[in-house]
Amino acid sequence: SPVKGSIRENIKEALSLYQVAYPEINFRLECPEDIVFEFDGFYLKRVWINLLDNAIKAMGEKGEILIRAFRKDKKVVVEFQDSGTGLSEEIIEN
């Protein structure tokens, strides 16, 4: 259930599981302001873990993952970007 919390801290908790396990990946978190609002921290952590797992596989366990969190209008935006090769056209079409 939703509880008031910091999105920056929520993402950091998920990242902490990966930083030691994947020393060849540079994890960068850009979250200039501490964005606090009500959210389900457990659910969001599962979302971050799924995104991190996919990015790590796409990069072959080395490279960089950049996570940006910011406010836009009345929404909170979280972007994940990795240095992997991306999806093939065939997968995108499916």
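The following questions and answers concern the sheet, two helices and one residue of a predicted model.

Reader: What makes E2 and E5 the edge strands of the sheet?

Author: The open sheet holds 3 strands in the order E2-E4-E5. Strand E2 (25-30) and strand E5 (75-82) each pair on one side only, and they are the edge strands. From one strand to the next, the twist averages 10°.

Reader: How do you know that E2 and E4 count as paired?

Author: Two strands pair if there are at least two bridges between them. E2 and strand E4 (residues 63-72) have 6 bridges, so they count as paired, and the sense is parallel. Ile 25 stands opposite Gly 63 in E4. The pairing in the sheet as a whole is mixed.

Reader: Which strands does helix H1 touch, and what angle does its direction make with that of E2?

Author: Helix H1 (residues 7-19) packs on the sheet and touches E2, E4 and E5. The direction of H1 makes about 175° with that of E2.

Reader: Which strands does helix H2 touch?

Author: Helix H2 (residues 41-59) also packs on the sheet, with E2, E4 and E5 as the strands touched. The direction of H2 makes about 145° with that of E4.

Reader: Why is Asn 10 called buried?

Author: Asn 10 is found in helix H1. Buried means under 20% relative accessible area. Asn 10 has 6% relative accessibility, and therefore counts as buried.

Reader: Which residues does Asn 10 touch, not counting those up to four places away in sequence?

Author: On that count, Asn 10 touches Phe 39, Gly 41, Leu 44, Lys 45 and Trp 48.

Key: Residues numbered from 1 in each chain as written. Predicted model: local features only at pLDDT ≥ 70, side-chain atom pairs only at ≥ 80, totals over all residues. Heavy atoms only, no water. Helix = DSSP H or I, 4+ residues; strand = E, 2+ residues; numbered from the N terminus. Axes fitted to C-alpha atoms, helices over the stretch in contact; angles between N-to-C directions. Contact = heavy atoms within 4.5 Å. Buried < 20%, exposed > 50% of the residue type's maximum accessible area, 1.4 Å probe, protein only.
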